[in-house]
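Please walk me through the structure shown below, taking its elements and residues in turn.

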Amino acid sequence: MVRNSHKLFNAEVMLVFDMKTYRRLYERIISAGNLTLAWRRARQNKTSKPYVIEFERNLEKNLVELHLELKNKSYVPRPLQTFVLRDPKTRKISKSHFRDRIVHHAICLILEPIYDKIFITDCCANRKGKGTIYALKRFDKFKRKVSKNGTKIGTISNNDVRGYCLKADITHYFEEVDHEILLKILAKKVNDADAMWLIKQIVKNSPYGDKKGMPLGNLTSQFFANIYLNELDYFVKHKLKVKFYMRYVDDFIILDESKEKLFEFKEQINNFLKTNLKIELHPQKSRIIPLLKGVDFVGFRNFYHYRLLRKRNVRSMEQKLKFFKEEGILFGSVFDSYKGWQAYAKWGNTYKVRKKIKEEIIDSVWNRV
């Protein structure tokens with residue numbers, strides 16, 4: 001069915017046609033071309049999942065029904081499936097129905113190009129051309145600027161460089177996002193009542209009630225998270241005039257030569273968040289750290305001359321390897337998991353730990369033979 005439907009599912013061509021034909025945002029979101037491309041995005045790396053196979057048994061019928069529900073505004077998201085994930089931090093993940101995920105992709109396909117133009121350069125998460133590696137490289141650039149290229153302030157160690165970092169995150173961010181504020185922020189750019197109606201359906205489908213919170217796991221939640229904190233980005237960059245600021249979802253850092261200035265920034269930022277966004281900085285996780293002590297950011301502890309993986313990241317891989325051994329999982333699956341991990345881990349000074357884990361994987365295979 002899916003292979004033989006080239007006539008209907010030449011999505012990229014249809015989407016270009018739709019963008020020229022439809023002026024209103026909502027018409028673009030629910031158009032055949034956009035929904036088809038959204039379906040393709042939603043099924044990526046999930047083609048063997050039972051819910052994808054079930055949807056694709058009657059693919060054309062299901063997409064047409066979804067289009068008509070959206071057109072008639074009778075669309076209602078299905079209830080979320082919620083479970084707890086411990087990896088190692090305990091998180092509440094909410095999973096949307098596959099047809100709702102298609103709608104999420106359809107919304108983001110149209111709105112992301114609009115918002116990407118107004119996001120600051122150093123909003124690093126869930127954006128094309130950004131991500132963790134980009135964030136690490138920007139941190140390196142910032143630390144060199146602030147520390148005057150590693151100018152030492154003493155003779156304690158090689159890493160004893162000048163400068164400080166405000167490392168902060170927001171308390172229970174995804175649980176505390178205020179729906180009314182989020183919708184008001186979105187309405188500034190989304191000048192289409194029907195598009196706002198659809199966004200409201202998605203936002204209100206929250207495991208935390210219909211007034212606050214976004215389900216961790218939805219594509220739209222990641223996108224709306226950037227839009228919500230774009231208000232903070234503008235406050236920091238344009239009101240406080242901070243040079244060395246970067247945000248990854250709800251984690252952000254500010255680097256400066258002056259510890260006192262960072263304390264002032266921290267207080268002003270917390271007041272802004274409480275007053276304007278009804279969220280606040282995490283009291284324990286938001287602190288000012290000398291650069292010489294290393295800064296935890298995007299999975300690494302970043303020093304001036306080197307970078308280490310967080311211990312919990314290494315432990316997580318070791319636990320996964322132990323589980324694979326106990327369950328007798330095939331070598332290919334184990335090694336695929338390792339390759340994904342090492343592609344990230346190699347950005348730190350991790351040669352020995354990567355070699356050790358690789359050897360453990362090979363040894364476990366030989367022991368089975």
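This is a predicted model, and a convenient place to enter it is helix 15, residues 351-368, where lysine 355 is found. Lysine 355 is partly exposed: its relative accessible area is 41%, a value between the limits of 20% for buried and 50% for exposed. Glutamine 342 lies 13 residues from lysine 355 in sequence, and their C-alpha atoms are 9.7 Å apart in space.

Another lysine has a different setting. Lysine 143 belongs to helix 7, which covers residues 132-146. With a relative accessible area of 7%, lysine 143 is buried, because the cut-off for that class is under 20%. Its side chain makes a polar contact of 3.0 Å with the side chain of aspartate 140. When neighbours within four places in sequence are left aside, lysine 143 is in contact with Leu255, Leu291, Phe303 and Tyr304.

The chain as a whole gives the setting for these residues. The protein chain has 15 helices and nine strands, and 47% of its 369 residues count as buried. Among contacts between residues at least 6 apart in sequence, 69% join residues at least 24 apart.

Next comes the nonpolar interior. The largest nonpolar core has 74 residues, and Ile102, Ile269 and Leu273 are those with the most contacts inside it. Helix 6, residues 98-116, supplies the largest share of this core, 10 residues. A second core, separate from it, has 29 residues, including Val295, Tyr338, Trp341 and Tyr344.

Helix 12 merits a fuller description. Helix 12 runs over residues 259-277, 19 residues in all, and spans 26 Å from first to last C-alpha, close to the 27 Å expected at 1.5 Å a residue. Its buried residues are Leu262, Phe265, Ile269, Asn270, Phe272, Leu273 and Leu277. These residues lie on the same side of helix 12, because they cover an arc of only 160° around the axis. An α-helix has 3.6 residues a turn, so residues three or four places apart point the same way. The face turned away from the buried side of helix 12 carries the exposed residues Glu260, Glu267 and Thr275.

Both ends of helix 12 have local features. At its start, a side-chain oxygen of serine 258 comes to within 3.4 Å of the backbone nitrogen of glutamate 260. After helix 12 comes lysine 278, with a positive phi near 55°.

What packs over the buried side of helix 12? The cover includes strand 3 (164-169), helix 9 (179-187), helix 11 (219-239), strand 5 (251-256) and strand 6 (287-290). At the level of a single residue, isoleucine 269 touches Leu232, Phe235, Val236, Leu240, Phe252, Ile254 and Leu281, not counting residues up to four places away in sequence.

Three of the covering elements, strands 3, 5 and 6, are linked by pairing. Strand 3 pairs with strand 5 in the antiparallel sense over six bridges, and leucine 166 has isoleucine 254 of strand 5 as its bridge partner. Strand 3 also pairs with strand 6, again in the antiparallel sense, over four bridges; here cysteine 165 stands opposite isoleucine 289. Strand 3 is mostly covered, with five of its six residues buried. In a regular strand the side chains alternate between the two faces of the sheet.

Methods. Residues numbered from 1 in each chain as written. Predicted model: local features only at pLDDT ≥ 70, side-chain atom pairs only at ≥ 80, totals over all residues. Heavy atoms only, no water. Helix = DSSP H or I, 4+ residues; strand = E, 2+ residues; numbered from the N terminus. Expected span 1.5 Å × (residues − 1). Buried < 20%, exposed > 50% of the residue type's maximum accessible area, 1.4 Å probe, protein only. Arc of directions from axis to C-beta. Contact = heavy atoms within 4.5 Å. Polar contact = N/O pair within 3.5 Å; in protein donor to acceptor, adjacent residues only side chain to side chain. Pairing = 2+ DSSP bridges. Core = buried A, V, L, I, M, F, W, Y, C linked by side-chain atoms within 4.5 Å.
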